[in-house]
Each structure stands twice: as C-alpha cells, then as structure tokens.
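Hi,

Here is the structure I said I would pass on. Have a look at it first, and my notes on what turned up in it follow below.

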Amino acid sequence: MCIPAVDEAQMSGPDLSRRLVELGQAESAITALKAKTLLALSERSGQGAARQVAVETLGASSSQARKALMDAERLSNAAETAEALQAGEIPTDHARLIARAASEGPVNEAALVEAARTEDFGKFTRTVRDHQCEQTADGGESRRDRQRQRRTASIRQSAHDGMYELYARFASEAGNRIEAALAAQERSIRTRQDDAAASTFGQRLADALEHLICAEAENRRPQGAKLILTANWDLLNQQMADARLLDGTPLTKAEALRLACHADLLPCVFDTTFQTLDVGRKARSATEAQRAALILRDKHCIGCGKSAAWCETHHIVPWQKGGLTKLDNLVLVCAACHHDIHDRNWAVVRCPDTGRYSLQPMLDPDPFNSHPEENCRDGCHNKPPPATSRPREPLLEPLLFSAA
C-alpha cells in the first residue's frame, strides 16, 4: 500500500475525506504487520527480548511494549480479525476489541468482523459487550465475575511535584454507581459557584471525589446520586427481561432484582398521572423525572456520545424565545456540545424515520428563523422541530429503577 505525499491545503473536502480513509486503511495494515513481526520475534527470542527490542526500536515504554505483545498474541488466535485488519477493512481499535473478546470466551468472530466494518467505536463496544453476554450460557454472569476479578486501584505520590495520582478499574455495576455519584456531586459544585469560570471540569471532578471520600458522613452526597436501570416486562412469564444499566451493560436477573430491592424508587411507567414530564413555562430547568426520561430516550449526548451522567438538558426552542420545558423540546448534551449550540451555531435535528436527535453545524446566524435542509446522522433530511410541533411519545422503556 503506497500513500503518496500531497498538499492537503489544495485538496477539496471530499478528497480529504477519501485520503483519511486511505490513511486509516494503511494504519490498520501496518498495525497487523507490526503485530506479526513482534510475535515472530517473541517466538524466536522470547517475550522479554521482544519487549526490549520494541522499547529500543519503536521508542515504546515497557508497559506499551508488553501491551503490544499481548495484542499480537491475541490477534494470532483470531485469524479472521487479523486478516481483515491487514486488508485495511477494520480499524485497529475494533480489531483489538474482537481479539480481546475472543481471548475471554467463545465469540462469533465473523459476525463481529462484519459489524466492525460499519460501526463506529462507541457503537461497536456495545455490540461486542452484548455479543459476549449472548454467547455465554449463564447470561453474562461469568463475564461479570471476570470483571470483578480484574478490579484494582492504586494511589501514589508524584516525585515531581508531590501531588497524588489515583488509578482505578471497576466492574460495570460499581463503575456506573461511582460515575453517577461523581456526576451528581460535580453538578452540585458547579451550581454553587458564583463564577462559571472559577474552576475547570477536571478541578470540579477532583473536588467531587475528595468530598465523596473524605467528607463527614452527614455531609456526603452519594445517596443523592441515581443509578438508572431499564428493563422490559415479559407479559407471558410475568417477570423482568433484558435489564440493563444506563451505559447499556446487560444485567443478570439476580443482579437486576438485587438492585431493584435496594432502589430509592419503585418500578414506574413513564407518562402516567404520577410522573410529570411536561412543566410547560412553570420552570426552566428539567425535573428529575424529565431528566430520567431524557436519559432513557437519548441514552447519551446527542452530539458526541458522552455518557448521560455528564450531560445537561438543552431547550431546542430556547426558553427565552418561548420554548417549553417538555420532552419534545429537550435533549441531552454535554457541556462542550452545549457550547457548540450556543456559541458556534450548531442546531439540533431529528430524524423522522428513527426519531433520534443529533447535532449539526449550521451557517444561518439564527437557526430558529431558517432551517436549511441537511443530512442528519441517520441519513435523511431533517429540521429542528418548531415550538408548535406535536409532542413525541415519551414512553420509551416500561420500567425504571433509581437506586442510590
């Protein structure tokens, strides 16, 4: 594969896109060849020698060399994945996911390779995770056990400036709980600040972690954080089915029932008389019930896919222009995408076929007076819904649990 040198400044947008495709294919092919070479060196001279050569010739750290050798060994046992990677048909990170999954248990490698050809990394991680659960006879319990076995945490003081550094890995359930608690505490800190620029997101997150760990018991806030679970109701068998965490991680029946037993709220159905999902002009901020419904509908930031735990609610038709605080006028966006909407003229668009929302850049200085038709991320033409649009049906998942 030969990639000629060009003057990118003279290329058109479509040409630059095609060049990125070519570069991605070349990167995949090189990764496959490096893995085969490193593995051959390991088989000939031993793992230690192979890692040392990688450090000396590639400028890798010891940990990077160790990881590269592990990836090479996994790829050697996933022939279809390695072949597709060398042909430039799938991205490097997708191939690593498949190889790791294959090393952890039985998988349909051909099906995963086919999905890797078309899905972006975020969607593909969920595809692999669901596929692994489907392939196990115990509903994913063995995979959860392996996750728990790999949990770890460390803390060390930097010799450079004396500051402390934390590193940790958690299983899915614990990770979702910790993320929800941190997100709730970060929002609380941000709300209390008089100056929005007084601290960065990373600084507030550090303060949130310190507070959750070190604050006196009566001043802690983790009980205010909500862990959202969704499930369907199996009418035939009269029991919950397909229970999942907020990030889409499947739960076994035992896990879902245990979390439901410790929930702050009983199972409920959205859009009933006891769930207020439309507060009109009575309040600008979304209610907790509305936020939960938005999380179930949008799943994550509609712009970049960031976890819903870190998202804010945005009025499609602005509040100051008469927009209502109701579900069909609200979407989930992270702080960065919220900034794109208000300061960089991005607009919320909705696909009429799937009903999903996404963000697109717009050239019109006032996107609420003129809506040029553009292709939405689902491949169709769309416009932001006007203030008088018919409300979309908010009932998305039959059951909701909110556990502290």
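Let's start with α3 and α5: these two helices are roughly perpendicular to each other, because their crossing angle falls within the 65 to 115 degrees that count as such. The angle is roughly 70°, and the axes of α3 (residues 62-76) and α5 (residues 92-104) come within 9 Å. Bear in mind that this is a predicted model.

Who touches whom there? On the α3 side you'll find Lys-67, Asp-71, Arg-74 and Leu-75, and they meet Ala-95, Arg-96, Ala-99, Arg-100 and Ser-103 of α5. Sorted by class, that contact has five charged, three nonpolar and one polar residue.

The other pair is α9 (residues 172-192) with α10 (residues 201-214), packed at an angle of about 115° with axes 9 Å apart. So α9 and α10 are roughly perpendicular to each other as well, and their crossing is right-handed. From α9, the contact draws on Ala-181, Leu-182, Gln-185, Glu-186, Ile-189 and Arg-190. From α10, the residues include Phe-201, Leu-205, Ala-208, Leu-209 and Leu-212, along with Arg-204, Asp-207 and His-211. By class, this contact has eight nonpolar, four charged and two polar residues.

A bit more on α9 itself. Its 21 residues should span 30 Å at 1.5 Å a residue, and the end C-alpha atoms are indeed 30 Å apart, so the two agree. Several α9 residues are buried, among them Ala-181, Leu-182, Gln-185, Glu-186 and Ile-189, and these also belong to the contact with α10. Ser-172, Glu-173 and Asn-176 of α9 are buried too.

Cheers

Definitions and conventions:
Residues numbered from 1 in each chain as written. Predicted model: local features only at pLDDT ≥ 70, side-chain atom pairs only at ≥ 80, totals over all residues. Heavy atoms only, no water. Axes fitted to C-alpha atoms, helices over the stretch in contact; angles between N-to-C directions. Helix = DSSP H or I, 4+ residues; strand = E, 2+ residues; numbered from the N terminus. Parallel < 35°, antiparallel > 145°, perpendicular 65-115°, else oblique. Left-handed = near helix turned anticlockwise from the far one by under 90°. Contact = heavy atoms within 4.5 Å. Nonpolar A, V, L, I, M, F, W, Y, C, P; charged D, E, K, R; others polar. Expected span 1.5 Å × (residues − 1). Buried < 20%, exposed > 50% of the residue type's maximum accessible area, 1.4 Å probe, protein only.
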